[in-house]
There are 2 protein chains.
Amino acid sequence: MKALRVAVVSGLMVCGVAPLAQAADPEEAIEYRQGIFEAFAWNFGPMGAMVKGKMPYDQAVVTRNAKRLAMLSDMPWEAFTEDSDFGDTDAKPEIWSQRSEFESRIEAFEKEAGKLAEVAAQGDRKAFRTQFGEVAKACKGCHDDFREDD
Amino acid sequence: MKALRVAVVSGLMVCGVAPLAQAADPEEAIEYRQGIFEAFAWNFGPMGAMVKGKMPYDQAVVTRNAKRLAMLSDMPWEAFTEDSDFGDTDAKPEIWSQRSEFESRIEAFEKEAGKLAEVAAQGDRKAFRTQFGEVAKACKGCHDDFREDD
């Protein structure tokens with residue numbers, strides 16, 4: 001519990017996108033952010049399979065998954081806390097050394113994911129496919145620079 | 001990808017609370033639901049520390065974390081899919097054998113988490129503490145019956 005208080009008091013936030021200090025030791029932070037990334041994949045995966053024609057288009061799943069992805073899109077970043085570059089993580093040190101670049105990638109992703117939720121709910125399959133591509137590009141853009149082996 | 005399609009077509013949903021079929025093999029389902037539970041803990045933990053007087057009360061964190069917990073509260077259940085009782089999981093077989101009881105526990109949790117988001121945003125510390133207790137009870141009620149070693 002002391003660790004929690006220290007984290008809050010010293011304001012370990014790396015990423016300005018999520019302005020609230022969050023308490024955790026590095027291992028907890030890594031597990032949490034990886035959990036959210038699992039949730040990204042869980043929601044993203046079926047939409048990708050539909051876009052690729054590997055799964056029948058399902059409007060209800062598209063609407064729900066895109067909405068969830070948008071809700072989740074601002075959650076992982078606060079967990080790239082100080083010292084959580086060490087441990088069982090694929091995070092590159094550049095997240096900590098090139099913070100403003102990392103933050104602009106995040107902003108781009110959040111924006112595209114938010115748009116996807118809107119577009120998906122409208123039911124225009126072509127627009128959905130296009131916007132899905134924008135989200136995928138935003139993911140890849142960040143992974144290329146800030147994630148190992150990706 | 002074939003696995004994804006089969007999952008959707010055969011409708012592997014265990015839990016009626018989330019009515020949309022979600023595609024995954026058991027291992028993916030376990031990783032996803034555990035990821036969401038990590039996210040529960042990440043948001044729940046600091047609120048608990050505040051309620052216990054281990055961390056200074058922070059209205060912004062309380063508002064945000066309670067809102068996130070409510071948004072996350074309906075996400076894990078669709079991943080208690082067929083055959084995901086086997087694998088690296090603490091899920092008890094009763095989740096699959098006592099489905100309606102499991103579903104009522106989920107409903108109770110979602111309801112209390114939703115209330116917590118409302119109460120938290122209002123800024124009444126005492127009401128927050130009380131409602132936080134209700135959410136904690138809902139967690140425990142489900143864990144006691146449906147989670148190993150808890």
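Q: Why are B:R105 and B:E101 separated by about one helical turn?
A: Because they sit four residues apart in helix α5 of chain B, which covers residues 99–122. Bear in mind that this is a predicted model.

Q: OK, and what do B:R105 and B:E101 form with each other?
A: A salt bridge, with the closest N and O atoms 3.5 Å apart.

Q: Which residue does B:R105 pair with at 2.5 Å?
A: That's B:D145, again in a salt bridge. This pair ties together distant parts of the chain: B:R105 is in α5 and B:D145 is in α6 (residues 125–146), 40 residues apart.

Q: Buried or exposed, how do B:R105, B:E101 and B:D145 come out?
A: In between. B:R105 is partly exposed at 26% relative accessibility, B:E101 is partly exposed at 34%, and B:D145 is partly exposed at 32%.

Q: What about chain A, where does A:R105 find a salt bridge?
A: With the side chain of A:D145, at 2.5 Å from N to O. Here too the link spans distant parts of the chain, from helix α5 to helix α6, 40 residues apart.

Q: How many salt bridges are there over all chains?
A: The structure holds 16. Some join up: A:R64, A:R68, B:D74 and B:E78 are linked in a network.

Q: Switching topic, which side chain of opposite charge is nearest to A:E110?
A: B:R68, but it's 7.3 Å away, and A:E110 has no salt bridge even though it is buried.

Q: So what does the A:E110 side chain make a polar contact with?
A: The side chain of A:W77, at 3.3 Å. A:E110 itself belongs to helix α5 of chain A.

Q: What's the overall fold pattern of chain A?
A: Along the sequence it reads α-α-α-α-α-α, with six helices and zero strands. Of its 150 residues, 47% count as buried. Looking at contacts between residues at least 6 apart in sequence, 72% join residues at least 24 apart.

Q: How many disulfides over all chains?
A: Zero.

Q: Why is there no bond between A:C139 and A:C142?
A: The A:C142 sulfur is the closest cysteine sulfur to that of A:C139, but at 8.6 Å it's too far for a bond. Over in chain B, B:C139 is in no disulfide either, with the sulfur of B:C142 8.6 Å away.

Q: Last one: where is A:D83, and what's its phi?
A: A:D83 lies in the loop between α3 (59–72) and α4 (94–97) of chain A. Its phi is near 75°, a positive value in a residue other than glycine. B:D83 also has phi near 75°, and is found in the loop between α3 and α4 of chain B.

Note on methods
Residues numbered from 1 in each chain as written. Chains lettered and ligands numbered in written order. Predicted model: local features only at pLDDT ≥ 70, side-chain atom pairs only at ≥ 80, totals over all residues. Heavy atoms only, no water. Helix = DSSP H or I, 4+ residues; strand = E, 2+ residues; numbered from the N terminus. Buried < 20%, exposed > 50% of the residue type's maximum accessible area, 1.4 Å probe, protein only. Lys, Arg positive; Asp, Glu negative; His and termini not counted. Salt bridge = Lys/Arg side-chain N within 4 Å of Asp/Glu carboxyl O. Polar contact = N/O pair within 3.5 Å; in protein donor to acceptor, adjacent residues only side chain to side chain. Contact = heavy atoms within 4.5 Å. Disulfide = S-S within 2.5 Å.
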